[in-house]
Amino acid sequence: MATTEVFMSSNKQYTDEFRSEAVKQVIERGFTVVDVASRIGIPKHTLYGWVQAARKTAPASGAAAAPSDSAEIRRLKAELRRVTEERDILKKPPRTLPRGKGEVRVHARARPRVP
């Protein structure tokens, strides 16, 4: 037959494309196996088997994506730390060299006005 399923006696055989789309809905899109199976009209235990087989054969692709994600997270955290330090430095009032030992002067424009 030209549809996504071919009938053979009491067992149904599904095309590879049909299987991969069903598995993709569970793994990538986050739908439950029960929901997808009822929507596309297949037994849930059949879809469970497809999903388990797909997870066994493709752990390398998921593992390859995780390090790049963690590297991106580390890079963004470092950038956030740097930008936060820069912001905090700019918030501080400007200072001049001390006149004597232990003295730090604050510019007049940074001092609060006293009425």
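This is a short talk about how three helices pack together in one structure.

Hi everyone, thanks for coming. Before we start, please keep in mind that this is a predicted model.

Let's begin with helix H2, which covers residues 33-40. Which residues of H2 are buried? They are Val33, Val36 and Ala37. Those three span an arc of only 100° around the axis, so they sit on the same side of H2. If you like the textbook reminder, an α-helix has 3.6 residues a turn, so residues three or four places apart point the same way.

And what do these buried residues pack against? Their partners are helix H1, residues 16-27, and helix H3, residues 44-57. Just after H2 comes Gly41, and its phi is positive, near 80°.

Now let's take the pair H2 and H3. Their axes are 9 Å apart, and the packing angle is about 120°. That angle makes H2 oblique to H3. The crossing of the two is right-handed. Who makes the contact? On the H2 side you'll find Val33, Val34, Val36 and Ala37, and on the H3 side Lys44, Leu47, Tyr48 and Val51. Sorted by class, that contact has 7 nonpolar residues, no polar ones and 1 charged. Notice that Val33, Val36 and Ala37, which I named as buried a moment ago, appear in this contact with H3.

Next up is the pair H1 and H3. Here the axes are 9 Å apart and the angle is about 80°, and H1 and H3 are therefore roughly perpendicular to each other. From H1, the contact uses Phe18, Arg19, Ala22, Val23, Val26 and Ile27, while H3 brings Leu47, Trp50, Val51, Ala54 and Arg55. By class, this contact of H1 with H3 has 9 nonpolar residues, no polar ones and 2 charged. If you're following along on the structure, look for Leu47 and Val51 of H3: they take part in the contact with H1, and they are also in the contact with H2.

One last stop, for those of you who like a single side chain to look at. Gln25 lies in helix H1. Is Gln25 buried or exposed? It is buried, with a relative accessible area of 15%. Setting aside neighbours within four places in sequence, Gln25 is in contact with Gly30, Phe31, Val36 and Arg39. Val36 should sound familiar, as one of the buried residues of H2.

That's my tour, and I'm happy to take questions.

Terms used
Residues numbered from 1 in each chain as written. Predicted model: local features only at pLDDT ≥ 70, side-chain atom pairs only at ≥ 80, totals over all residues. Heavy atoms only, no water. Buried < 20%, exposed > 50% of the residue type's maximum accessible area, 1.4 Å probe, protein only. Helix = DSSP H or I, 4+ residues; strand = E, 2+ residues; numbered from the N terminus. Arc of directions from axis to C-beta. Contact = heavy atoms within 4.5 Å. Axes fitted to C-alpha atoms, helices over the stretch in contact; angles between N-to-C directions. Parallel < 35°, antiparallel > 145°, perpendicular 65-115°, else oblique. Left-handed = near helix turned anticlockwise from the far one by under 90°. Nonpolar A, V, L, I, M, F, W, Y, C, P; charged D, E, K, R; others polar.
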